[in-house]
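Here are a few exercises to work through with the model open in your viewer. Try each task before you read its solution.

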Amino acid sequence: MIEQVCAKCKNYFVQPDVDIHATYFKIENGAIEPLSFVKDGQYYRIVGSVLNDGVYKHGVDDTELQDEEFFGAVWSMRVPRAFIALVEKIEDWCDTHASALDSPFQSESFENYSYTKQSGQNGAVAGWEAHFANELNAYRRLTVL
């Protein structure tokens, strides 16, 4: 979920001259080399890979990596704790509202009961993006870099 939230905010919490490492990388048995610039527990983003583009937490999500060799970039992310807490809050909200969000119906009614989903722009069902828009605004950027 952190990847989707970062993408929505266009913010991967990097300093371009310091945190973006472009070189030849090798992923083998869930380990990526070189990765000495990322600390255990730190988030990082892989860009330019065929099989592994995305955001991972070093020492936790590494087992998801597929073997590959590529020339690309690894961004060592400086994610604030408050942002991680917000992502966890969004995940909890999505879990709680999953059935309503997955429903193809905007509204339903029978006898003395009626229900209408909150809608966002253009009548679309309001998801986590709309629900947490005010909290996400603090982290929004105009461009990714």
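**Exercise 1: a loop residue and its ring partners**

With a relative accessible area of 11%, Phe13 is buried. Keep in mind that this is a predicted model.

Task: find where Phe13 sits, what is notable about its phi, and which rings it clusters with.

Solution. Start with the place: Phe13 is in the loop between H1 and helix H2 (16–19). Next, check the backbone: phi of Phe13 is near 55°, a positive value in a residue other than glycine. Finally, look at the side chain: ring pairs link Phe13 into a cluster with Phe83 and Tyr139.

**Exercise 2: two helices that cross**

Task: work out how H1 and H3 are oriented to each other, and which residues make the contact.

Solution. First take the axes: those of helix H1 (residues 2–9) and helix H3 (residues 81–96) come within 10 Å and cross at roughly 110°. Angles of 65 to 115 degrees count as roughly perpendicular, so that is how H1 and H3 lie to each other. The crossing of H1 past H3 is right-handed. Now pick out the contact: H1 brings Ile2, Val5, Cys6 and Cys9, while H3 brings Phe83, Val87 and Ile90. Sorted by class, the contact of H1 with H3 has 7 nonpolar residues, with no polar and no charged ones.

**Exercise 3: aromatic pairs**

Task: how many aromatic pairs does the whole structure hold, and is the Phe25 and Phe70 pair stacked or edge-to-face?

Solution. Searching the whole structure turns up 7 aromatic pairs. For Phe25 and Phe70, the centres are 5.6 Å apart and the planes make an angle of 25°, a stacked pair. Phe25 belongs to strand E1 (residues 20–28) and Phe70 to strand E5 (residues 68–76), so their pair ties together parts 45 residues apart in sequence. Then check burial: Phe25 is buried at 0% relative accessible area, and Phe70 is buried at 5%.

Now try Trp93 and Phe132: here it's 6.0 Å centre to centre and 90° between the planes, which is edge-to-face. Trp93 is in helix H3 and Phe132 in the loop between helix H5 (128–131) and helix H6 (133–136), 39 residues apart. Both are buried, Trp93 with a relative accessible area of 14% and Phe132 with 3%.

**Exercise 4: backbone oddities**

Task: where is the cis peptide bond, and is Asn29 buried or exposed?

Solution. The cis bond joins Glu33 and Pro34, with omega about -5°. Pro34 lies in the loop between strand E2 (31–33) and strand E3 (43–47). Asn29, in the loop between E1 and E2, has a positive phi of about 55° although it isn't a glycine. Asn29 is exposed, with a relative accessible area of 70%.

Notes
Residues numbered from 1 in each chain as written. Predicted model: local features only at pLDDT ≥ 70, side-chain atom pairs only at ≥ 80, totals over all residues. Heavy atoms only, no water. Axes fitted to C-alpha atoms, helices over the stretch in contact; angles between N-to-C directions. Helix = DSSP H or I, 4+ residues; strand = E, 2+ residues; numbered from the N terminus. Parallel < 35°, antiparallel > 145°, perpendicular 65-115°, else oblique. Left-handed = near helix turned anticlockwise from the far one by under 90°. Contact = heavy atoms within 4.5 Å. Nonpolar A, V, L, I, M, F, W, Y, C, P; charged D, E, K, R; others polar. Phe/Tyr/Trp six-rings, centres within 6.5 Å; stacked < 30°, edge-to-face > 60°. Buried < 20%, exposed > 50% of the residue type's maximum accessible area, 1.4 Å probe, protein only.
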